[in-house]
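Visitor: Please take me through the aromatic side chains of this model, one close look at a time. Then move on to whatever lies around them.

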Amino acid sequence: MTAGGSHLGTSESQAGASAKGSGTAKRRAYVAVIEGFIGSLMMFIGSIGTGWIANGSPMIRQPVVIALRTEGWGVAVSTVLLTAGAMLLIRSWLRLGQRLGDWGASSLRNVVVAISAWSLPLVFCVPVFSRDVYAYTGQGRLVMEGQDPYQVGISTLSNWFSLGADPAWAEARTPYGPYFLWLARAVVGITGAQPDASVLLFRLLAGVGVLLCIIFIPKLAELHGINGARALWISVANPLFLISFIASAHNDALMVGLAVAGVYAAATRRHLLGILLVTASIGIKPITVLLLPFIGLMWAGPSASWLRRFLMWGATAGISFGVLALSGVPYNLGMGWTWAIMDPTPGYTGYSPSGFLGQQVEVLANALGLPGGTLATWLRTGMKWTAIGLVLLLMFRGDYSRVVRRMALAFTAVVMLSPIIQPWYILWFLPFLAVTGIRDDWQIRSLYVGVTFFVVFGAQDQLSVWSFVELPVDASSLAFFTALAFTFYLLVLDVHTRKLLIEGKPLDLARRGWRWAAEHTAARRADAARRADAARSAVDRSESR
């Protein structure tokens, strides 16, 4: 047995369907594929009016673009198309999973076809849900001009504002590894920092990461006795993955793809290759450094003594950090990437568990006259240290056959207990959970909720609308209510998707809820009447005395 582990006994491990059943499933799957393609196409059109176009892009001088971005009707239509398209993509993803419910022999091909079809319009859309890709161009320019992105922000560049990057990047040091800076410099060298061409090349780089996931996620899943098609559907076909890694062109796609490939290599006893691939992932974005201890465990083997484990941990770290140190020599980058681990970004996001709980503690403590801000900071710090403790626990405890699962849980703990979570952060650990088993119960429903929440959040939070455009309802509110209406449709009106999201029919649930409320109210009234009768009886007895 490899470090991939044994069969986990989840519902996704099933025998292949018959030829007739597979053909029927294939025909049904194409309905969801076409529906998702239409959703992606809607997003493409909507992105022209509300996506992030750089100030230096010639696109903003095109008549169609001008109409969609300066006229109220154009912005409104673009907002609705972008949001409804994203929500239609969610429905298509859910329906694809239903239509491939037997996960037979042709399922993997169907999922790959769906990913390809849904990605195609997104490759050409204006960046949506994030404009970090424009900061990549700025950081490539810094390297090309001999400046150190680990020391200065892109505001040191001439005419930096025309790049289209968020002003938050103006003074921010880059959190990325040396390999990504090499790639960013190469992109700028090819495009001359032209924004639109640079976005396209960064998308192609992200596409390499997506391709690595498509290749190695099914393979890694099969090592664990998990259906590879279902694991790929969960982790790559989901709309949050496609929007974040294709439409937004986040470099996290390449980081995740290299990490998955490295873990697969290590799990199949090609340990040195695994270390080098994970090191390449760290060189894109350093967060995957936490995978190294688990790669070391795979290298140590199932019956390793503690001495051998510590030796393999040291060898793994030595090889990886040695390669990264040498990689810092070109362009004088050094080991500047380590700041991203040692000095993380301050603050918190309100929707992260740490951020949300901290806010509640602060409000409650302030109401009681206690130092709410201090207590909230202590809570967030405590949750970060809890994550570190869980990583150590999972390093030192657990079966060798479940080492990839332990790694997935450690990664999940680090992300979910962090005070800052961006929507695409959950995509870092999702592939590793998928390949080791996500059950068809609260686990998959939690994923549905998480994906839908972050897609809705991105749709209303990341819209590029010029301030002079007059709208009867602001674009963010329009996007929010569009997404809310579509969510209601998925939960209540759609006879197919409501089965996935709610156990039981909504009307039946409502009737049970009303029946429970009525019975509870009647019981309270009866209890109150009994207490009143008892009180009157007591009064009568006291008067008779």
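Guide: Tryptophan 313 is buried, at a relative accessible area of 11%. This is a predicted model, so side-chain atom pairs count only at pLDDT 80 or more. Tryptophan 313 has an aromatic partner, phenylalanine 396. The two ring centres lie 5.2 Å apart, centre to centre, and the planes make 70°. That pair is edge-to-face. Tryptophan 313 belongs to helix α13 (residues 306-327), and phenylalanine 396 to helix α16 (residues 372-396), so the contact ties together parts 83 residues apart in sequence. Phenylalanine 396 counts as partly exposed, at 30% relative accessibility. The cut-off for buried is under 20%, so the 11% of tryptophan 313 falls on the buried side.

Helix α16 also holds isoleucine 388. Isoleucine 388 is partly exposed, with a relative accessible area of 41%. Its C-alpha atom is 9.5 Å from that of leucine 417, with their positions 29 residues apart along the chain.

Now the wider aromatic count. The model has 31 aromatic pairs. One of them joins tyrosine 179 and tryptophan 182. Their ring centres are 5.2 Å apart and their planes stand at 65°, so this pair is edge-to-face. The cut-off for that label is over 60 degrees. Both residues sit in helix α6 (residues 178-191). They are 3 residues apart there, which means a separation of about one helical turn. Tyrosine 179 counts as buried, at 15% relative accessibility. Tryptophan 182 counts as partly exposed, at 31%.

Ring pairs also build a cluster. Tyr136, Trp169, Tyr176, Phe180 and Phe202 are linked in this way. Three names from that cluster come back at a cavity: Tyr136, Phe180 and Phe202 are among the residues that line the largest cavity. The others in that lining are Leu205, Ala206, Ala249, His250, Asn251 and Leu254. The largest cavity holds about 40 Å³ of space. A search of the whole structure finds 1 cavity of 30 Å³ or more. Helix α7 (residues 195-223) gives the most to the lining, with 3 residues. By class, the lining has 7 nonpolar and 2 polar residues, and no charged ones.

The loops on either side of helix α6 deserve a stop. Asparagine 159 is in the loop between α5 (132-144) and α6. Its phi is near 55°, a positive value in a residue other than glycine. Asparagine 159 counts as exposed, at 58% relative accessibility. Alanine 193 lies in the loop between α6 and α7. Alanine 193 is not a glycine either, and its phi is positive, about 65°. Alanine 193 is buried, with a relative accessible area of 13%.

Some rings carry a charge over the face. Arginine 309 lies over the face of tryptophan 306, at 4.3 Å from the ring centre. Arginine 69 lies over the face of tryptophan 466, at 5.5 Å from the ring centre.

An open site comes next. The second largest pocket has a volume of about 580 Å³. Its lining counts 19 residues, and the closest to the centre are Thr412, Met416, Phe429, Ser446 and Leu447. Three helices give two or more residues each: α17 (403-416), α18 (426-436) and α19 (442-461). Helix α19 supplies the largest share, 7 residues. By class, the lining of this pocket has 14 nonpolar, 4 polar and 1 charged residues.

Last, the cysteines. The count of disulfides is 0. Cysteine 125 counts as buried, at 3% relative accessibility. Cysteine 213 is buried too, with a relative accessible area of 0%.

Back to the start for one summary. The pair of tryptophan 313 and phenylalanine 396 links helix α13 to helix α16, whereas the pair of tyrosine 179 and tryptophan 182 stays within helix α6. Each pair is edge-to-face, the former with planes at 70° and the latter with planes at 65°.

Note on methods:
Residues numbered from 1 in each chain as written. Heavy atoms only, no water. Phe/Tyr/Trp six-rings, centres within 6.5 Å; stacked < 30°, edge-to-face > 60°. Helix = DSSP H or I, 4+ residues; strand = E, 2+ residues; numbered from the N terminus. Buried < 20%, exposed > 50% of the residue type's maximum accessible area, 1.4 Å probe, protein only. Lys NZ or Arg CZ within 6 Å of the ring centre and 35° of its normal. Disulfide = S-S within 2.5 Å. 1 Å grid on protein atoms, 1.4 Å probe; cavity = no way out; pocket = protein on both sides within 12 Å on 5 of 7 lines; lining within 4 Å. Points joined across faces, edges and corners; volume = space filled by probe spheres on them. Nonpolar A, V, L, I, M, F, W, Y, C, P; charged D, E, K, R; others polar.
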